[in-house]
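Please open the structure in your viewer and keep the selection panel at hand. The stops below follow one another, and each tells you what to select and what is there.

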Amino acid sequence: MPESPEVQALVEFLDERVEGRVIDELEVAEFRIVKTRDRPPVSVVGARVVGVRRFGKHIGFETTAGWLMIGFGRNGWIRWQEAGGPPNDQPVPEVARIVLDDGAVMRIVETGDFLAVTASVVDLPTDVAGIAALGPDPLSPDFSRDDFERALGMRRKQIKALLQEQTSLAGIGNAYSDEILHRAKLLPAAHAAVLDGDERERLFHATVDIMRGAVADRRGLPPDRLKQAKVEAMAIHGRGGSPCPVCGTTIVDLVFGGASAQMCPHCQGEQPRE
């Protein structure tokens, strides 16, 4: 699943290349992705791109004809082809294609079994319901401990699920929630309501440090290398059966409440507190 560090790196990569360019063509191969029927994506053809921004896990192209908003869902992404570069002959499940006036191509792809990519044209990004409902973003320079405490509250909700709840905190998914909890030395199934002051402090700093560190590590990478870079950087996520890089204990796979996680029994403790 694309998460905010990789989406931010993608946005910065694209913004450097598409700002000021005109959208020459926009073809939609899978019309189920279109969520604004009265303003289809083709309505931005001929418009100039003002800039590219990230909203949680979403990406927005600001154009002179409105905002073209793309939601990646679980398995969506954008593949970039340089102007004048050789075409990428690798077969991909392309759901839409954007061609710029210099010949560069952005291919919006969906690699999962379930179609979750979305495309909308709106006046403002917050006209998209999912973006209007986003919680505070740990990558924002304005993100504060107070923002974090309001998201956490005294809720009887498992911390891992809460970290991934986009209306509470924007941009965190399954992978980075595992990394955050490992850094904070907390169990994924523990409830936010039982965390003491020290645990909340650790969780706040782990959230900020993991997410912002990931952005710094991904910055400057081309879009086709971001997913692999994320996988390689994981300390425990996706590494069940491997030794914990901190203590050497075997990382275990957990399934609870319909969610999956990886954790270190030694670093994070044995039993959840409720």
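Over how many bridges do β5 and β7 pair, and in which sense? Select both strands: β5 and β7 pair over six bridges, and the sense is antiparallel. What you have open is a predicted model, in which local features need pLDDT of at least 70 and side-chain atom pairs count only at pLDDT 80 or more, while totals for chains, interfaces and linings use all residues. Residues are numbered from 1 along each chain as its sequence is written, and side-chain values use heavy atoms, with hydrogens and water left out. Helices (H or I, at least four residues) and strands (E, at least two) are DSSP runs numbered from the N terminus, and two strands pair if DSSP finds at least two bridges between them.

**The sheet**

Within this pair, select Trp-80, which stands opposite Met-106 in β7. Then add the other strands of the open sheet, whose four members come in the order β1-β6-β7-β5 with antiparallel pairing. At the edges stand β1 (23–28) and β5, each with a single partner strand, so one side of each has no neighbour in the sheet. On average, neighbouring strands of this sheet are turned by 15° against each other, direction ignored.

Next, select α1, which lies across β5, β6 (94–100) and β7 and runs at about 30° to β5. Here axes are lines fitted to C-alpha atoms, for helices over the stretch in contact (heavy atoms within 4.5 Å), and angles run from 0 to 180 degrees between N-to-C directions.

**The largest pocket**

Now select Pro-2, Gly-76, Trp-77, Leu-226 and Lys-227, which are the closest to the centre of the largest pocket among the 31 residues that line it. On a 1 Å grid over the protein atoms alone, a pocket is an open set of points with protein on both sides within 12 Å along at least five of seven lines, a cavity is a set where a 1.4 Å probe fits but cannot get out, and lining residues have an atom within 4 Å of a point. The space in the largest pocket is about 850 Å³, a volume being the space filled by probe spheres set on the points, which are joined across faces, edges and corners. The largest share of its lining, six residues, comes from α7.

**The cavity**

To see the largest cavity, with a volume of about 40 Å³, select its lining: Leu-26, Val-28, Ile-33, Pro-41, Leu-68, Ile-70, Ala-96, Ile-98, Ile-108 and Ala-119. The elements that give two or more residues to this lining are β1, β4 (66–71) and β6.

**An enclosed helix and the loop before it**

Move on to α5, where nine of the eleven residues are buried (under 20% relative accessible area, 1.4 Å probe, protein chains only; exposed is over 50% and partly exposed lies in between), so α5 is largely enclosed by the rest of the structure. Tyr-176, Asp-178 and His-182 are among the buried residues of α5, and the buried residues of this helix pack against α1, α4 (159–164), α6 (197–218), α7, β10 (259–263) and α8 (265–268). After α5 comes Lys-185, whose phi is positive, near 60°.

Finally, select Gly-171 in the loop between α4 and α5; Gly-171 is buried, with a relative accessible area of 0%. Not counting residues up to four places away in sequence, Gly-171 touches Glu-3, Ser-4, Gly-56, Lys-57, Gln-166 and Met-211.
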